[in-house]
Amino acid sequence: MSTVELAVRKVKKLSAPEARELLGWLTARQSNGISLKAPSRTSRRKTTVRRSMQKLKAWQDSVRGTTDWQPPRMPDDLVKSIRL
């Protein structure tokens with residue numbers, strides 16, 4: 001059963017004063033400009049992931065080409081010469 005169907009069943013069971021109070025609350029929220037539907041979890045998560053990827057790419061672009069790091073090399077005294 002969907003969330004909407006469950007909500008409709010609950011609203012049908014309200015008494016008249018409770019229904020009036022609910023309607024008042026809904027109109028107050030709408031007049032304040034507050035959205036009744038919150039953003040879904042997945043859209044919020046996608047936005048967060050997208051934002052963090054943008055920050056990472058911006059950082060990577062700022063760092064690229066600014067370092068003189070080279071991979072570590074094995075010391076010459078540890079390298080055994082090979083005789084064929």
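A residue is called buried when its relative accessible area is under 20%, exposed when it is over 50%, and partly exposed in between, with a 1.4 Å probe and protein chains only. This is a predicted model, in which local features need pLDDT of at least 70 and side-chain atom pairs count only at pLDDT 80 or more, while totals for chains, interfaces and linings use all residues. Residues are numbered from 1 along each chain as its sequence is written, and side-chain values use heavy atoms, with hydrogens and water left out.

The protein has 3 helices and 0 strands, and along the sequence these give the pattern α-α-α; helices (H or I, at least four residues) and strands (E, at least two) are DSSP runs, numbered from the N terminus. Of the 84 residues, 0% are buried. The protein exposes about 8,800 Å², of which carbon and sulfur atoms supply 58%, with areas taken from the Shrake-Rupley method and a 1.4 Å probe.

One residue from each helix is set out below.

| Residue | Helix | Relative accessible area |
|---|---|---|
| Lys12 | H1 (residues 3-12) | 68%, exposed |
| Leu22 | H2 (residues 16-31) | 30%, partly exposed |
| Val49 | H3 (residues 41-63) | 46%, partly exposed |

Lys12 belongs to a positive surface patch together with Arg9, Lys10 and Lys13. Patches are made of residues with over 30% relative accessible area and no salt bridge, where like charges are joined within 9 Å and nonpolar side chains (Val, Leu, Ile, Met, Phe, Trp, Tyr) within 5 Å. A salt bridge is a side-chain nitrogen of Lys or Arg within 4 Å of a carboxyl oxygen of Asp or Glu.

Val49 is part of a nonpolar surface patch with Met53, Leu56 and Trp59, and their accessible area together is about 410 Å². The 23 residues of H3 should span 33 Å at 1.5 Å a residue, which agrees with its end C-alpha atoms being 33 Å apart; the expected span is 1.5 Å times one less than the number of residues. Just after H3, Gly65 has a positive phi of about 80°.

Leu22 and Val11, finally, are 11 residues apart in sequence, and their C-alpha atoms are 9.1 Å apart in space.

Methods. Lys, Arg positive; Asp, Glu negative; His and termini not counted. Charge placed at Lys NZ, Arg CZ, Asp CG, Glu CD.
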